[in-house]
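Let's take a relaxed walk through this structure, looking at a sheet and some charged pairs.

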Amino acid sequence: MNETVKTYRNKVTEFWKTRTTPQKSLILAGTLGIIMLIISLTLFASSPNMVPLYSNLTVEEAGSLREELQSQGVPHELEDGGTTILVPEEQSDELVVDLAAQGIPDSGNIDYSFFSDNVSWGMTDEERQIIERDALQTELSNLITSISGISDANVLINEAEESVFVADQTGEASASVTINTGYGNSFDQSQVQSLYHMVSKAVPNLQPENIAIMDQNFNYYDLEGSGTGTSSTYAENKQIKDDIEQDIQREVQKMLGTMMGQNKVVVSVSSDIDFSQENTVEQLVEPVDMETMEGLPVSVERVTETYTGYDGGDMVDGEGDIPELPAVTEDGEEVSDYENVRETINNEFNRVRNEIVESPYEIRDLGIQVAVDNTIENETGETVQLTEEEQMAVEEDVQSILSTVVETSIPGEEDTFDPADKYSIVFQEFSGAPDFESGGVGIPTWMYIAGALLILSVVILLFILLRRRNQKEEVDEVVEQRVTQEERDYTLEREETESDVRRKQLEQMAKDKPEDFAKLLRSWIDD
């Protein structure tokens, strides 16, 4: 047994001495990692799996529940700021039943089950009304809490008092609701209206305008607003204004930066936006033929009357006009000719009704400020300032670009404003490189870094695997040679050991039993 232990110890010692320093470090690190992994797995397996027993608890509920668990000696943990209690998984079901039997946790709220458990003949009407209102508030809070995105809700209802006189009108009820919303949750106008509608229908004589809803951050959810608080209109208008200014600034910056270099020009944009929305209704009557300005004839009536006679009286038409003078014949008689032509035409014109809704967010005024670096590098690498001629040439190019931008951005007829009044150009030496926001969508720098680290990790892993494979092949070859040599040594050692044992047995036999030894020799000689 000692020989075997010694043999394996020598093998291990020789194997360790033949390893290089990196190989020894790798073996030690791997061994240490395996030991730490075994310890971690043992600790993880021995620790109990904690699961939530109750969540969304109040401070009072969590305190009473923790005292009960401590009295029973149950291990527990607190999470989510003390609103969630964790217990071992194998005890969770039993604890839920035991605590429910004790009435823990007790929220102190009254629901409609209170009437079936505590009804009595001695209850007054006022007490019953108070309990009914408290139960209604609790049920309405639970109903609001069941909505996705709302973790908790508190409801306070002020019911309308009924008058004992028939002639008096019943007052209106009011309600205040406080909700706790999750991080990042927002509600659109339709969801806010649904919440108002649900609360108003749950309470008699409660109008939606008598409801106030607020979250934990003191943001009111208005019925007519966008549902993001009282400053929602201002925030939306400011966001639109910022977007318009950023779009113009990026386009001008991109164009001028391409011409002169991104670090040679800085652009700033300010605007005046008209957020008013107007609805206009036009009722137009237009002729069918725009060239002759005539309409489409619908009905035509023509009346022609002629008369010829000898009458010396006044020939007057029906309208009191004299159509023509009487004529005299050769006989001296007067001849009268009368002709009346009337034509009535009813024309139909195009009747157009235009309902025009003018879009808001119209740019009423625009200001563009451009700062240009007036220094350049010459052929020798020295920094020199632009000459007056060069500055004038650059200024003309920038003015032509800015004039086009201003004319296309501000609506209006020609000659209503001078584009030169809407921008300013300043030549100044820059003291530092400005930081620009790129208008295009590019790959962030951190993605390049992450990709490089990933590629480097793959290369290192492949190098380690190939090195381990080569080392394994070398170790297998060395071990195979050593095993072969050890087998040979062991065979020789075994043969020498058996001969020595036989020799010692014969010597001992010759000393103790010479007669038997002589007989053994005779038998060997005969053989």
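A residue counts as buried when its relative accessible area is under 20%, as exposed when that area is over 50%, and as partly exposed in between. Keep in mind that this is a predicted model. Lys-238 comes out at 40% relative accessibility, so it is partly exposed. Asp-242, with a relative accessible area of 22%, is partly exposed as well.

Those two side chains meet in a salt bridge. Lys-238 and Asp-242 sit four residues apart in helix α8 (residues 232–260), so about one helical turn separates them.

Here are three of the salt bridges with their N to O distances:

| Pair | N to O distance |
|---|---|
| Lys-238 and Asp-242 | 3.1 Å |
| Asp-373 and Lys-264 | 3.4 Å |
| Arg-353 and Glu-355 | 3.3 Å |

The count for the model is eight salt bridges. Asp-373 and Lys-264 link distant parts of the chain, 109 residues apart: Asp-373 lies in the loop between β13 (362–372) and β14 (375–377), and Lys-264 in the loop between α8 and β7 (265–274). Asp-373 is buried at 9% relative accessible area, while Lys-264 is partly exposed at 23%. Over in the Arg-353 pair, Glu-355 is exposed, at 59% relative accessibility. Salt bridges with shared partners also tie Asp-272, Asp-274 and Arg-364 into one network.

Now for the sheet. Three strands form an open sheet in the order β1-β3-β2, with antiparallel pairing. Its edge strands are β1 (50–54) and β2 (77–79), each pairing on one side only. Three bridges join β2 to β3 (residues 84–88), and Leu-78 has Ile-85 in β3 as its bridge partner. Helix α3 (residues 59–72) packs on the sheet and touches β1, β2 and β3.

Conventions:
Residues are numbered from 1 along each chain as its sequence is written. This is a predicted model: local features need pLDDT of at least 70, side-chain atom pairs count only at pLDDT 80 or more; totals for chains, interfaces and linings use all residues. Side-chain values use heavy atoms; hydrogens and water are left out. Two strands pair if DSSP finds at least two bridges between them. Helices (H or I, at least four residues) and strands (E, at least two) are DSSP runs, numbered from the N terminus. Contact means heavy atoms within 4.5 Å. Axes are lines fitted to C-alpha atoms, for helices over the stretch in contact, and angles run from 0 to 180 degrees between N-to-C directions. A salt bridge is a side-chain nitrogen of Lys or Arg within 4 Å of a carboxyl oxygen of Asp or Glu. Buried means under 20% relative accessible area, exposed over 50%, partly exposed in between (1.4 Å probe, protein chains only).
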